[in-house]
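This report covers surface patches, salt bridges and one backbone feature of a single chain. The sequence and the structure follow.

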Amino acid sequence: MIPGGEGPLSLLFVIPSLPPMGGAEVHAARLAAALGRRGHAVTLLTMAGEFEPGLEPPSHPPGPRPRRRAYPLRIAGKLLGSRGSYDAAHFFLAGRHTSVGVLAAWLTGCPRVVMYGGTGTFSAQRASRRGRLALGVDVSLADRLIALNEEMRDSFRRCGAPGR
């Protein structure tokens, strides 16, 4: 339920792949399943397709390069085509998919949550012009940024994120 509101939430989780990959993938799958058990509608949008919590997604690494290049466009199309359908979009991991998705969600007025996995992500992004642009989009357009530890929080702040 939305605090002070009525009814279950409709959520879009955006993550390139699902377990058995790393910690972010495990976290996304567990969070989606827990929210589903509480009655919320969660859609997981991965490179391999869309999944509802509890369904078995393919457990293979991300697809070939053309599939990775099309993934941000699929995310944008999903958000732009379903204006108003989602109460929030939650983006896991850094990359073009997150920045393009955050921008599309912002254009539709859908609240945006961004969680990066791995402390070194910020240094890697700041090393290139494209990475700095993506990081700027994420930091400036996300409604909430999730830092998994103090070092990540400090990195977010150095990139211009608010202190909280």
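Helix α3 supplies the largest share of the nonpolar patch, namely three residues. The patch is made up of L80, L103, W106 and L107, and together these residues have about 370 Å² of accessible area on the surface. The model is a predicted one. One of the patch members, L80, lies in helix α2. L80 counts as partly exposed because its relative accessible area is 37%, and partly exposed covers values between the 20% limit for buried and the 50% limit for exposed.

A second patch carries positive charge, and R68, R69, R96 and R130 form this patch on the surface. R68 belongs to helix α2, which spans residues 65-81. With a relative accessibility of 38%, R68 is therefore classed as partly exposed.

Turning to charge pairs, a search of the whole structure returns two salt bridges. The table lists both.

| Salt bridge | Closest N and O atoms |
|---|---|
| E50 and K78 | 3.1 Å |
| D143 and R112 | 3.3 Å |

In the salt bridge between E50 and K78, the closest N and O atoms are 3.1 Å apart. This pair links distant parts of the chain: E50 sits in strand β3 (residues 49-51) and K78 in helix α2, with their positions 28 residues apart in numbering. E50 is partly exposed, because its relative accessibility is 44%. K78 is also partly exposed, at 22% relative accessibility.

The other salt bridge joins D143 to R112. Again the pair links distant parts of the chain, 31 residues apart. D143 is in the loop between α5 (129-141) and β6 (144-146), while R112 is in strand β5 (residues 112-115). Are the two partners buried or exposed, or in between? D143 has a relative accessibility of 36%, so D143 counts as partly exposed. R112 has a relative accessible area of 8% and is therefore buried.

The remaining item concerns the backbone. Most residues other than glycine have a negative phi. L93 is not a glycine, yet L93 has a positive phi of about 75°. L93 is placed in the loop between β4 (88-92) and α3 (96-108). The relative accessible area of L93 is 18%, so L93 is buried, the cut-off for that class being under 20%.

Conventions
Residues are numbered from 1 along each chain as its sequence is written. This is a predicted model: local features need pLDDT of at least 70, side-chain atom pairs count only at pLDDT 80 or more; totals for chains, interfaces and linings use all residues. Side-chain values use heavy atoms; hydrogens and water are left out. Patches are made of residues with over 30% relative accessible area and no salt bridge: like charges are joined within 9 Å, nonpolar side chains (Val, Leu, Ile, Met, Phe, Trp, Tyr) within 5 Å. Accessible areas come from the Shrake-Rupley method with a 1.4 Å probe; for residues, only the protein chains shown count as cover. A salt bridge is a side-chain nitrogen of Lys or Arg within 4 Å of a carboxyl oxygen of Asp or Glu. Lys and Arg count as positive and Asp and Glu as negative; His and the chain ends are not counted. The place of a charge is taken as NZ of Lys, CZ of Arg, CG of Asp or CD of Glu. Helices (H or I, at least four residues) and strands (E, at least two) are DSSP runs, numbered from the N terminus. Buried means under 20% relative accessible area, exposed over 50%, partly exposed in between (1.4 Å probe, protein chains only).
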